[in-house]
Amino acid sequence: MMRIFKITLSAIAAWMMLSSAALAQSPAKGDEITGLYWSPEKDAKVEIYKKGVEYFGKSVWVAHPRRDNKNPNETLKNRELLGIDLFSGFHYNDGAYTSGKVYDPESGKTYDCKMSLKGDILKVRGYIGISFFGRTAYFQRIKS
């Protein structure tokens with residue numbers, strides 16, 4: 001009887017260790033968005049990262065370095081576009097990334113935004129007020 005108990009206990013312990021290892025390796029729900037993406041024009045790379053419970057996206061490479069001269073804030077017009085957050089404050093909710101903002105350096109404007117990920121394509125929808133009045137851009141994941 002004691003032998004069966006020890007075998008059962010060993011099997012349970014092994015199962016628990018394997019289960020916890022599998023959980024440790026799988027990303028947290030929503031974290032699959034993190035990584036590097038090409039901009040729609042392939043003239044920049046954006047890194048999506050998580051800080052706390054929010055997701056952000058910053059430019060990490062640009063084909064043509066330049067300043068943020070379209071920014072309405074005079075103190076920011078002289079900053080480099082490389083390294084700035086273009087996406088900010090996104091929350092993962094049931095397959096979508098919502099409640100965020102997207103900064104468009106071409107116009108200097110910031111828009112409400114939502115994102116979704118399908119395979120290697122990041123769909124970014126910037127809008128004013130409601131998402132019906134907006135524009136969608138597609139970012140391609142860069143595979144390492």
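In the predicted model, Leu122 touches Ile33, Tyr37, Ile48, Met115, Ser116, Leu117, Ala137, Tyr138 and Phe139, when residues up to four places away in sequence are not counted. Leu122 also belongs to the largest nonpolar core, which has 19 residues, and is listed there with Ile33, Phe87, Met115 and Phe139 among the residues that have the most contacts inside the core. The elements that give two or more residues to this core are β2, β4, β5, β6, β7 and β8, with β6 spanning residues 109-118. In soluble globular proteins, nonpolar side chains tend to be buried together.

The protein chain that holds this core contains 1 helix and 8 strands, and its elements run from the N terminus in the order α-β-β-β-β-β-β-β-β. Of the 144 residues in the chain, 26% are buried. Among the contacts with a separation of 6 or more, 36% are accounted for by residues 24 or more positions apart.

Consecutive strands from β4 to β7 are linked by antiparallel pairing, as described for each pair in turn. Between β4 and β5, which run antiparallel, there are 5 bridges, and Ser88 stands opposite Lys101 of β5. The two strands form a hairpin with 2 residues between them, and Asp94, in the turn, has a positive phi of about 50°. Lys101 also has a bridge partner in β6, namely Asp112. The pairing of β5 with β6 is likewise given as antiparallel and extends over 7 bridges; on β6, Met115 is the bridge partner of Tyr97, and Met115 is also one of the core residues named above. The hairpin of β5 and β6 has 4 residues between the strands, and Gly108 takes a positive phi near 80° in this hairpin. β6 is joined in turn to β7 by 7 bridges, the two strands running antiparallel, and the bridge partner of Lys118 in β7 is Ile121. With 2 residues between them, β6 and β7 form a hairpin in whose turn Gly119 has a positive phi of about 65°.

Positive phi values were also examined outside glycine. Most residues other than glycine have a negative phi, and most peptide bonds are trans. Asp94 is a residue other than glycine with a positive phi, near 50°, and its place is in the loop between β4 and β5. With a relative accessible area of 74%, Asp94 is exposed, because the value lies over the 50% cut-off. Ser99 provides a further case, with a positive phi near 65° in a residue other than glycine, but Ser99 is found within strand β5. At 58% relative accessibility, Ser99 also counts as exposed.

Ser99 can be related to Glu54, which is found in strand β3: the two residues are 45 apart along the chain, and their C-alpha atoms are separated by 9.7 Å. Glu54 touches Tyr49, Gly89, Phe90 and His91, not counting residues up to four places away in sequence. At 26% relative accessibility, Glu54 counts as partly exposed, because this value falls between the 20% and 50% limits that separate buried from exposed residues.

The largest pocket of the model holds about 740 Å³ of space. Its lining is formed by 32 residues, of which Glu41, Tyr103, Asp104, Pro105 and Glu106 are the closest to the pocket centre. Two or more lining residues are given by each of β2 (44-51), β3 (54-62), β4 (85-93), β5 (96-104), β7 (121-127) and β8 (134-141). The largest share, 5 residues, comes from β8. By class, the lining comprises 20 nonpolar, 6 polar and 6 charged residues. Strands β2, β4, β5, β7 and β8 thus appear in two lists, giving two or more residues to the largest nonpolar core and two or more to the lining of the largest pocket.

Methods:
Residues numbered from 1 in each chain as written. Predicted model: local features only at pLDDT ≥ 70, side-chain atom pairs only at ≥ 80, totals over all residues. Heavy atoms only, no water. 1 Å grid on protein atoms, 1.4 Å probe; cavity = no way out; pocket = protein on both sides within 12 Å on 5 of 7 lines; lining within 4 Å. Points joined across faces, edges and corners; volume = space filled by probe spheres on them. Nonpolar A, V, L, I, M, F, W, Y, C, P; charged D, E, K, R; others polar. Core = buried A, V, L, I, M, F, W, Y, C linked by side-chain atoms within 4.5 Å. Buried < 20%, exposed > 50% of the residue type's maximum accessible area, 1.4 Å probe, protein only. Contact = heavy atoms within 4.5 Å. Pairing = 2+ DSSP bridges.
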